[in-house]
Structures are given as structure tokens and as C-alpha cells.
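I opened my notebook today to look around a protein model, one piece at a time. Come along and check each entry against the picture.

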Amino acid sequence: MTPVQSMIAVTYVRDIDSARAFYQLLGFREQSAGRAETSAWSALYQGDLSVLLAYTRPPLEIAPLPLMFYFFCNDLDAIVAGLGTAGVEVTQTGHPPHAPGGEVKVLDPDGNTILIGQQERSASPEDPERAEGTAEPEEAEATVRFSLLKEAAAAVSAQGGSTVGCQVPASGGTPCPDKAEVKLADSGGDVAWACLAHAEEILITVPAAFIASRGEPGLANFLSRRPQ
């Protein structure tokens, strides 16, 4: 079997011009584009990377949980400076093992999460955390880390939030007093609304558990509507 040779990330956008301008801040350049009465597309390239922006009218129904792209760069400070000049809010997420030179999080105009990391540590004398001979920073306390659970909770909140409390009992079997923020499910078909603390515990200890969509109808409902 011949392995795949390349990949193009495709995302549907609400405004192709504003989306293209955002990705150009990351160094992408438009190589080709096209427009029609009810659709448009823009192919952007940066080195070996490709992003295809697509627009259609009426717009497609996009899943509540946005996409996430991860980009590596050689000069994170320069990209952060360019984003800041353009008025894009940047969240520092620390210096994880896969990005010793730093990592930031931004949102594109359509709400997709963009993580940008630098794989090589910068030797900058102005940064005491990166200076040679200094101790590693306490990143868990000093930085905000990206959390898929928090992204899912934000998506639920944007749709009005949950109407139930956490359905996972606390230690000793007492009801959890916290509000439910995310919906979890497993391959057996069980579902439960949980606070972030209990959701994280479940995802770590229950191998078959996953984050579910907010809508109640599931696969059984979909199959019941299929023609016989």
C-alpha cells in the first residue's frame, strides 16, 4: 500500500476575506482562489503547509466544538508581535515539552482554536525563564494551559449552558454541588452531565468515555429516521 504524501487542512468560514487576512498573519500566502454566486475558496500555502478556506451560502451546519490547528514556528515572538499589532488576543500557554520555545493560543475569526508552538528554546537574555542556568518555570501555576474540556464547556455555555447539576456523586456518595458544564458518554450508550473536575476524572479513569455533543438525539435517533 502506498502511504499518503501530503495533507491539506480544510475549514469552512463565514467570511473568506477576514479568514484569509488572519492566516496571512501566520505567514500563509494565497496561491489560488475562486468565487461563484454561492461559494468561494482560497488556497493558502506556507512552505509545505496548506490550508484551504471554503465558503458556501447558505452556510453549512458546523459542529458546536470548533476545529483546532497546531502550527510550529521558528520565531514565536515575531508571530505574537504581528498578531498583537493586528488586534488579535493571544493567550500564553507556557513551555510544554513539545514546545520548549513557548506556546500560545489564539482564535481565528470563526472561533477555531489555533495553537502555535516553537520547538527550539530561544536564547534571549531578556527572558529570565529561558536564560541558561536558570530553573524551569512553574508552568502549572504561572501559565494558562489549553484544555479541550474547557473548550467543550465554553461551547455548551455559548448555547445557553446546561440546566442540570453535576450528575457524578462526590466522594462518599453525596451529590456534587457544582453545576454541570460538559456532557460525557461512553461506547455502551450511557451519558452523564458533569462538572469539569469530575469530567476530567472520568476521562482519565474510564477508557471508553468521551466528550459528547450537547444535543440529546444520538445515533439511535439518526438510524430510526433512515428509510427502510
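Below are my entries on strands, a buried threonine, aromatic rings and one helix.

**Entry 1: before I start**
I remind myself that this is a predicted model.

**Entry 2: two hairpins**
I began with strand 2 (residues 29-35) and strand 3 (residues 39-46), which run antiparallel and are joined by 6 bridges. The two strands make a hairpin, and 3 residues lie between them. I then looked up Ala33 and found Ser42 of strand 3 opposite.

Next I followed strand 3 onward to strand 4 (residues 49-56). How many bridges pair strand 3 with strand 4? I counted 8 bridges, again in the antiparallel sense. Ser42 turns up here too, standing opposite Leu53 in strand 4. The hairpin of strand 3 and strand 4 has 2 residues between the strands, and in this hairpin Gly47 takes a positive phi near 65°.

A note to self for reading strands: in a regular strand, side chains alternate between the two faces of the sheet.

**Entry 3: an open sheet**
I moved to an open sheet of 4 strands, and wrote down their order as 5-8-7-6, with mixed pairing. Which strands stand at the edges? They are strand 5 (68-73) and strand 6; each has a single partner strand, so one side of each is left without a neighbour in the sheet. I also noted the turn between neighbouring strands of this sheet, which is 25° on average with direction ignored.

Strand 5 and strand 8 run parallel, and 6 bridges join them. Along this pairing, I found Cys73 opposite Gln118 of strand 8.

**Entry 4: Thr93**
I picked one residue of strand 6 (residues 91-94), namely Thr93. Is Thr93 buried or exposed? Its relative accessible area is 1%, so Thr93 counts as buried, the cut-off for buried being under 20%. I then checked its side chain, which makes a polar contact with the side chain of Glu103 at 2.7 Å.

**Entry 5: aromatic rings**
I searched the whole structure for aromatic pairs and got 5. In the pair of Phe22 and Tyr23, the ring centres are 5.1 Å apart and the planes stand at 85°, so this pair is edge-to-face; planes over 60 degrees apart earn that name. Phe22 is buried at 4% relative accessible area, and Tyr23 is buried at 0%.

I also looked at Tyr70 and Phe72, whose pair is tilted, with 4.9 Å from centre to centre and 45° between the planes. Tyr70 has 29% relative accessibility, so I wrote it down as partly exposed. Phe72, at 39%, is partly exposed as well.

Which residues gather into one aromatic cluster? My list reads Phe22, Tyr23, Phe28, Phe69 and Phe71.

**Entry 6: helix 4**
My last stop was helix 4, residues 148-158. Its buried residues are Leu149, Glu151, Ala152, Ala153, Ala155 and Val156. What do these buried residues pack against? I found several partners, including strand 7 (103-107), strand 8 (113-118) and strand 9 (182-186). Strand 10 (191-194), helix 5 (196-205) and strand 11 (209-211) are also partners of the buried residues of helix 4.

After helix 4 comes Gly160, with a positive phi near 110°.

Technical notes: Residues are numbered from 1 along each chain as its sequence is written. This is a predicted model: local features need pLDDT of at least 70, side-chain atom pairs count only at pLDDT 80 or more; totals for chains, interfaces and linings use all residues. Side-chain values use heavy atoms; hydrogens and water are left out. Buried means under 20% relative accessible area, exposed over 50%, partly exposed in between (1.4 Å probe, protein chains only). Contact means heavy atoms within 4.5 Å. A polar contact is a pair of N or O atoms within 3.5 Å; within protein, one must be able to donate a hydrogen and the other to accept it, and residues adjacent in sequence count only if both atoms are side-chain atoms. Rings of Phe, Tyr and Trp (its six-membered ring) pair if their centres lie within 6.5 Å; planes under 30 degrees apart count as stacked, over 60 as edge-to-face and the rest as tilted. Two strands pair if DSSP finds at least two bridges between them. Axes are lines fitted to C-alpha atoms, for helices over the stretch in contact, and angles run from 0 to 180 degrees between N-to-C directions.
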